[in-house]
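The exercises below ask you to place residues, contacts and backbone geometry in one protein–ligand model. Please work through each task before reading its solution.

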Amino acid sequence: MEILQVDAARPDETAIARAAETLRRGGLVAFPTETVYGLGGNALDAAAVEKIFQAKGRPARNPIIVHIGEMNAIPDLAEHWPETAQKLAARFWPGPLTLVVQKNNRIPDVVTAGGPTVALRMPAHPVALALLRHCKLPVAAPSANRSSALSPTRADHVLRSLGDRFDLLLDAGPTPGGLESTVLDMTQTPPRLLRPGLAALADLEAVVGSIEITRQLDGPVEPRRSPGMLNRHYAPNTPLTCVDGDGWPRVCELAGKALRVGWLTFTERDTLPGNVIAVVLPDQADSCATELYAVMHRLDQLGLDCILVDLPPPRPEWLAVRDRLLRACAGADLSGL
Ligand code: TXA
Ligand code: MG
């Protein structure tokens, strides 16, 4: 496995050419996007995509986003490209928005988990765009982490999670957005939100009108009473639990049992028990998104007994951050601590 450092704003042409060549011959390349690092393979090469599933330990039923560098790639990938998709793409691409449309038969089944739709996205990161435009291939790329684990926002997160299960890593430093793209199902009217993400719902609705939210995206915080209600995903190895409001009483309770506690909070405290490590998160949703995974990766390295997270308020701008936190703690059980 090879690591190439590239400038995030003006990526070196030879590094991009080398990564493009790796993709063309069926290899896997980890690369930065404006959201998180992706693990890419040629989307038209079933064997390459199969390697992505293996590297991640990803269940075969979970389809992968196909990344494109030019709008003219769409007719080769989508059987039908709705006008609403065109409007959203025109406004938000390149950017953190993924559009699910009818796939055409050039796309191998392994990419779409055998389903009739394909998820398309044109990422905005200069390195991702340069790579896609250079290799002139659609690139299937999930987040570059083992299945269900925390998404990587830095090259060392990728390496820690995937080891050498791929061929080349383009290291362009931290990803600016820090949280994954918003995923919309465009095969229905109105479009349906499949995953909240960096593209804000209100901005999308301003372009295409109302968007349907059917799945419970922001449920009650009762991970212990209703395990399995949400799939545990985006999770650190350390047991993590979310608290609505101020987690301080719970932190004190756990710290009183001599446990080593990590605490993600929005309020600064002057004094803390010695066995508590607190990180104060930004109280702006976009800055919080940028830092969230990096903070969780860092705490996860410390071998703590548990991590407690104060949830941000249930307001629209916090939808994606709350979604990831609730999934990270789903099924985690601190009752024995
Ligand atoms: O920001 C992102 O979207 C990052 C970067 C690398 O682009 N990618 C990413 O991929 O988060 P992944 O595989 O970790 O998450 C993709 C999500 C999954 O929830 C998957 O189920 C969904 O998109 N998805 C992919 N193809 C789909 C399809 N055809 N229909 C419905 N959902 C799909
Ligand atoms: Mg992922």
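**Exercise 1: two cis prolines**

Pro 94 lies in the loop between helix 4 (83-92) and strand 5 (97-102), where helices (H or I, at least four residues) and strands (E, at least two) are DSSP runs numbered from the N terminus. This is a predicted model, in which local features need pLDDT of at least 70 and side-chain atom pairs count only at pLDDT 80 or more, while totals for chains, interfaces and linings use all residues. Residues are numbered from 1 along each chain as its sequence is written, chains are lettered from A and ligands numbered from 1 in the order in which they are written, and side-chain values use heavy atoms, with hydrogens and water left out.

Task: find which residues are joined by a cis peptide bond to Pro 94 and to Pro 190, and state omega for each bond.

Solution. Begin with Pro 94, which is joined to Trp 93 by a cis peptide bond with omega of about -10°. Then turn to Pro 190, which is found in the loop between strand 9 (182-185) and strand 10; a cis peptide bond joins Thr 189 to Pro 190, and its omega is about -5°.

**Exercise 2: positive phi**

Task: for Ala 113 and Lys 136, give phi, the loop and the exposure class.

Solution. Start with Ala 113, which is not a glycine and yet has a positive phi of about 55°; the residue belongs to the loop between helix 5 (109-112) and strand 6. Its relative accessibility is 29%, and therefore Ala 113 counts as partly exposed, given that buried means under 20% relative accessible area, exposed over 50%, and partly exposed in between (1.4 Å probe, protein chains only). Next take Lys 136, in the loop between helix 6 (126-135) and strand 7, where phi is near 55°, again positive in a residue other than glycine. Lys 136 counts as exposed because its relative accessibility is 70%.

**Exercise 3: two buried residues**

Task: decide whether Leu 168 and Ser 151 are buried or exposed, and describe the setting of each residue.

Solution. Leu 168 is placed in strand 8 (residues 168-171) and is buried, because its relative accessible area is 1%. The C-alpha atom of Leu 168 is separated by 23 Å from that of Leu 120, 48 residues apart along the chain. Ser 151 sits in the loop between strand 7 (139-140) and helix 7 (155-162), and a relative accessible area of 1% makes Ser 151 buried. The side chain of Ser 151 also makes a polar contact of 2.4 Å with that of Glu 180; such a contact is a pair of N or O atoms within 3.5 Å, where within protein one must be able to donate a hydrogen and the other to accept it, and residues adjacent in sequence count only if both atoms are side-chain atoms.

**Exercise 4: the shell around ligand 1**

Task: how many residues surround ligand 1, and which strand supplies the largest share of the shell?

Solution. First count the shell: 22 residues surround ligand 1, the closest being Thr 35, Arg 58, Asn 62, His 67 and Ser 181, where a residue is near a molecule if one of its heavy atoms lies within 4 Å of it. Second, sort by element: strand 4 (65-67), strand 6 (117-121) and strand 10 (192-195) each supply at least two residues, and strand 6 gives the largest share, four residues. Finally, list the polar atoms: oxygen atoms of ligand 1 lie 2.6 Å from a polar side-chain atom of Asn 62, 3.0 Å from one of Ser 143, and 2.9 Å from a side-chain N or O atom of Arg 195.
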